[in-house]
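Hi,

Here is the structure I promised to pass on. Have a look at it first, and my notes follow underneath.

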Amino acid sequence: MSMLEQLTNRDQVFDFLAPVASPVDVRHGPILYMEDVNVSFDGFKAINNLNLTIDDGELRCIIGPNGAGKTTMMDIITGKTRPDTGSVWFGSRHNLLTMNEPDIATLGIGRKFQKPTVFEALTVFENLELAMAADKRILPTLTAIMKPENREQIDEVLEMIGLTALRDKPAGILSHGQKQWLEIGMLLMQKPRLLLVDEPVAGMTEQEMERTAELLTSLAGKQSVVVVEHDMGFVRSIARQVTVLHQGSVLAEGTMDQVSNDPEVIKVYLGEEA
Amino acid sequence: MSIIRRSLTSLLIALACLVSVPAMAQEDPGKALLVNLAEAPSSRVEEAINAIVDSGDERARGWLEAYGNNRLSRIKDTGQVVLVLNNRGRDWEIADPLTGENLGEMSRRKLDRVAINNAIRGKLEGIMAMLDLNAADPDVREASARDMMGKVDAALVAPLEARLEKEESAAVRDRIEAALAIYRVEQGDIEAVEVLAGSLHSRARAALNNAAASDNSQLAEAANKALASIEQKLKLNKAAETLYFGLSMGSVLVLAAIGLAITFGVMGVINMAHGELIMLGAYTTWGVQQLLPGQPGLALLLSIPAGFLVAAIAGIIIERSVIQHLKGRPLETLLATFGISLILQQLVRTVISPQNRTVVTPEWMSGSLVINDALSLTLNRLYVMAFALIVFAALMMIMRRTRLGLDVRAVTQNRAMARSMGIKATKVDILTFALGSGVAGLAGVALSQLTNVGPNLGQNYIIDSFMVVVFGGVGNLWGTLIAGLSLGTINQLLEPWAGAVLAKIIVLVFIILFIQKRPKGLFPQKGRAAEN
Amino acid sequence: MATSTTWLLRPLQERSTQLFLGILTAALAVVTILHLAMPEDSALHVSAYTVTLLGKYLCYALLAVAVDLVWGYLGILSLGHGAFFALGGYAMGMYLMRQIGDRGTYGDPVLPDFMVFLNWDSLPWYWHGFDMAWFAFAMVLLVPGALAFVFGYLAFRSRVTGVYLSIITQALTFALMLAFFRNEMGFGGNNGLTDFRDILGFNLRTDATRLGLFIATGIALAIGYVICRGIVTSKLGRVSIACRDAEARTRFLGYRVERVQLFVFVVSAMLAGVAGALYVPQVGIINPSEFSPLFSIEVVVWVALGGRATLYGAVIGALLVNYAKTVFTGVMPDAWLFALGGLFVLVTVFLPKGIAGLLQKRRKAPEKDRSNPQEATA
């Protein structure tokens, strides 16, 4: 029993946002490495020879028109969709194609969905509680007890995402923007090594967007963050490295200025005539 | 010229005869023959019968049949020989054997039965068979020859051989040869075994079986060999029959499930009352037949549109009153429609009767299509199969070629998008539900020809229908067709060695396991649309 | 060890559970006193027949709680829980059959009457061991649990959910019903198992045994309720709700959704098995009709009427509907199916939260008035 307790308590030893002891091996290069990945649905090629590497601690923005394969790419990384060919590695040790969603999540990849998905019947606090890094097997979950340290940790995140006043309200009553924040908060509770964030600012006010940008940039360095976003203003405000996807493969990569001056990219975004 | 004149003359004479039969009162030769038969003492009856046969009169068979059945009588007062049409009660209905004219009823005391003894009756059968064998219609000849298989005795050999000489129809020749061969095998003729080797008739097999058990080892060996080859053929026929039953059961499943596939595919709702819509269709058939007594065929044809309408209207009522209030809550829809199914069942029990009702099968649907001695296909199943295919084809046309079909497919794939394109999803829902329910009604009309019509009719098919839809893949009509036919066939294949109940259990377990492997059925929808 | 049982003790500190257990205890006590202490001609006397009838209702209540656990908290609408109930019942029935011994019509010391009737000369292998109470009672849990485990393992692993799952659970119980109707199965075919004599040495036909069974059922319901409540108030309960509302999200948080589903499903099946096992000695018979899809789906409407995801609602619903059924089938049997069918429609369309929802609304209404100004200032 004490073994189990140790497991459930282990994460409390570390301070919030401190690097988490993770089995992921990044000594020899990038944290995420995708090579020659192909996926097709009924003959439609959603991902076409995609190659992508994300360095440890990097903040990367991914842009691209609708149907460029951004969401499918995230599905592949998180284990929801299996590619037809190619390889996807997390660090140099973990082949993601052999793992399922919960394993990948436990390993340290967190994901925020395009459409904010929170557990509407549970309170804001409980949403964060479930996301908290812990032993997520059945019996430990059944016998789990909330420790004061856990509570503090959740309160800290509540503060950060500005939902302290709503902590005991069901998540279903939150506004769209608040749900986005709650989901980001859940990601933080997971303490992932790599965050995949799909359209984080959709439905947010200007002010909320600024705070989101602040938060995401502050995470970079300690954790790797991949942001998929349509809002160019937002991308410009946070981006260091930008990758442009088009028809399932990488069209261009570089700083925001570089890619926005790339003739290929301009053609894709503004149409053939331009 | 002379030929024309001569035929003209004879034609005129014939006409004159026709017009003036009563006036001329020319004696019908049949009358004398019958009187002769009626008056003959028992020792000369055979002679009298032969006289009738030899006359070549076309009415002879009818007379002899009536004679054999004790239906030939004489009016005591006039001595006229008459046919008794109905000999129940005090007054018998009689007819003139010469003209067929109905002579009304007459007290049985005024009638004298033309006597017959058992020895004569036994011979009469053979004589009548020979008469049939000489009939003009080859079908009658074939049926008669088939009847003779296993009944040939020494006396019949010569006339049969004579007939064989004259016979032109190959089918009739085969039958006569087989009938003769059975007789010869019984007599121990080894060569005759050869003739029977290909026959599937049970009497031929019986003869061979007897021969195989005989003391004559050569004969037994030959018989065994012939039996083996027959066995082979029988197996093939058995397989064909199983396939036929399987496809027939499958087409019933397709009919029952296809409406469900439409409503489930388009609206994502499980209509547990689907079985009761089938039941309504079956009861509509019964109702229409009650309204049109004595015209089962016409009633059945009218039931097709009527059954469709009744079920479709019931479907619309269900959709408007319940399902539309449960949008996006498929599990609740399932429960609510289950409640409706209970109500409909009880309604039928209360209003009509808890007992089963029989729906009459029209004449053109009863009977069967005979392929050979071991294989005959019942017509009603054949019709239901054809009906299922027609309904399927019609639905395919609606889905592929009409505006409704286009809308339905759009809503199936992406409801929100379809709505934003200006498709009225509500209207599509109503129409789809009406269509799916109407098809259930059609299934009921078809089922009324195969099983009893009762309040539980729908329940018996609902789980099977779901299995078909789940097996075939949601929203895919081809999937439903293939799933239905294959499940029906699998079931029939299993039945001989597992029994009906166990076969059903095996199929259910098979589907439960299949769903684990392919949760979206045989023909799943792929890609983004399927995720939602 | 303290931590490993906290989840089970937690509900005992809850007011709602205390209230539930209090009412249940009071009801058991009142019925017992009225049965034992009141003279038989008194209007307040509770007859042995009524005691058994109430015992039957309590079995149904336990079954309803089991269904609510998977449907209310996990979102799995099982239309086949009657199968687990019936399997538990058959396990108990086999024990009771073996207890008859040579007192059967044919007087065979080992073989039950129906086997003698079928000219069987020995006991089928799966009937061995059922003469021992401990073995039979273990099977009451293990057989339904094992079926739920195998079925659930296959279904949840391939992510079969929603209406698909409901339909195949229905097919499961339907297939079992057909199977148990067969004489060759060795469970008495059509007639099932009946003519029981005694249980653990007590004569089943005495009033005292009947009262004992009634009280045992009440205790089983209390324990079952506390177990379910313990699960739903634990973190695992919140994970279940998470699986119910957003399966994919839960998976991306690192929970193995299929294992959560499997665990809760198996627990629920076992509770259903216990309910069935207590049901059989009280009604005196178990036959394949308990497997009928209609029965399983009826259980769901009890839960729906009482209110999903409340547990106590399931109990209320089971008691109410079954009481109504007893009254209706006595007075006008034809109307019962109309009433039941109407209930399905009314509850789903007009009362999605059931009776519990009505109660909560009433309780919350005044609270809201008080809390609103506070929120405004905050």
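I started with chain C, which has 15 helices and 4 strands. Keep in mind that this is a predicted model.

On overall shape, the C-alpha trace of chain C spans about 80 × 60 × 50 Å along its principal axes. The radius of gyration of chain C is 22 Å, which agrees with the value near 21 Å for a compact globule of 378 residues. Of those 378 residues in chain C, 57% are buried. If you take the contacts in chain C with a separation of 6 or more, 77% of them join residues 24 or more positions apart.

Next, the side of chain C that faces chain A. Here 30 residues of chain C are in contact with 35 residues of chain A. The two chains bury about 3,100 Å² between them, and carbon and sulfur atoms account for 67% of that. Three residues to click on are C:K235, C:R249 and C:F252: together they supply 27% of the area that chain C buries against chain A, more than any other three residues.

There is a fair bit of polar detail to look through in this interface. Chain C and chain A share 4 salt bridges. One of the pairs is C:R256 with A:D103, whose closest N and O atoms are 2.6 Å apart. Polar contacts come to 9 residue pairs across the interface of chain C and chain A, counting pairs with both residues at pLDDT 80 or more. On the chain C side, the elements giving two or more residues are α1 (2-9), α9 (235-245), α10 (247-252) and α11 (257-283). The largest share comes from α9(C), with 8 residues. By type, the chain C residues that touch chain A split into 13 nonpolar, 6 polar and 11 charged.

Now for the contact of chain C with chain B. It takes 38 residues from chain B and 39 residues from chain C. The buried area is about 3,600 Å², with 81% from carbon and sulfur atoms. On the chain B side, B:L331, B:L335 and B:Q516 supply 18% of the area buried against chain C, more than any other three residues.

How many salt bridges are there between chain B and chain C? The count is 1, and C:R308 makes it with B:E332, the closest N and O atoms being 3.4 Å apart. Polar contacts between chain B and chain C amount to 3 residue pairs, again with both at pLDDT 80 or more. Helices α15 (330-351), α20 (457-472) and α22 (500-517) of chain B each supply at least two residues of the side that touches chain C. Among these, α15(B) gives the largest share, 15 residues. That side of chain B divides into 29 nonpolar, 5 polar and 4 charged residues.

One last residue from chain C: C:F328, which sits in helix α13 (residues 312-331). Is C:F328 buried or exposed? Neither quite fits, because its relative accessibility is 26% and it therefore counts as partly exposed. Beyond its neighbours within four places in sequence, C:F328 is in contact with C:P333, C:A335, C:W336 and C:A339. As for C:I23, that residue is 305 residues from C:F328 in sequence and 26 Å from it in space, C-alpha to C-alpha.

Over to you!

Note on methods: Residues are numbered from 1 along each chain as its sequence is written. Chains are lettered from A and ligands numbered from 1 in the order in which they are written. This is a predicted model: local features need pLDDT of at least 70, side-chain atom pairs count only at pLDDT 80 or more; totals for chains, interfaces and linings use all residues. Side-chain values use heavy atoms; hydrogens and water are left out. Contact means heavy atoms within 4.5 Å. Buried area is the accessible area (1.4 Å probe) that two parts lose on being put together, summed over both. A salt bridge is a side-chain nitrogen of Lys or Arg within 4 Å of a carboxyl oxygen of Asp or Glu. A polar contact is a pair of N or O atoms within 3.5 Å; within protein, one must be able to donate a hydrogen and the other to accept it, and residues adjacent in sequence count only if both atoms are side-chain atoms. Ala, Val, Leu, Ile, Met, Phe, Trp, Tyr, Cys and Pro count as nonpolar, Asp, Glu, Lys and Arg as charged, and the others, Gly among them, as polar. The radius of gyration is taken over C-alpha atoms; the globule rule is 2.2 Å times the number of residues to the power 0.38. Buried means under 20% relative accessible area, exposed over 50%, partly exposed in between (1.4 Å probe, protein chains only).
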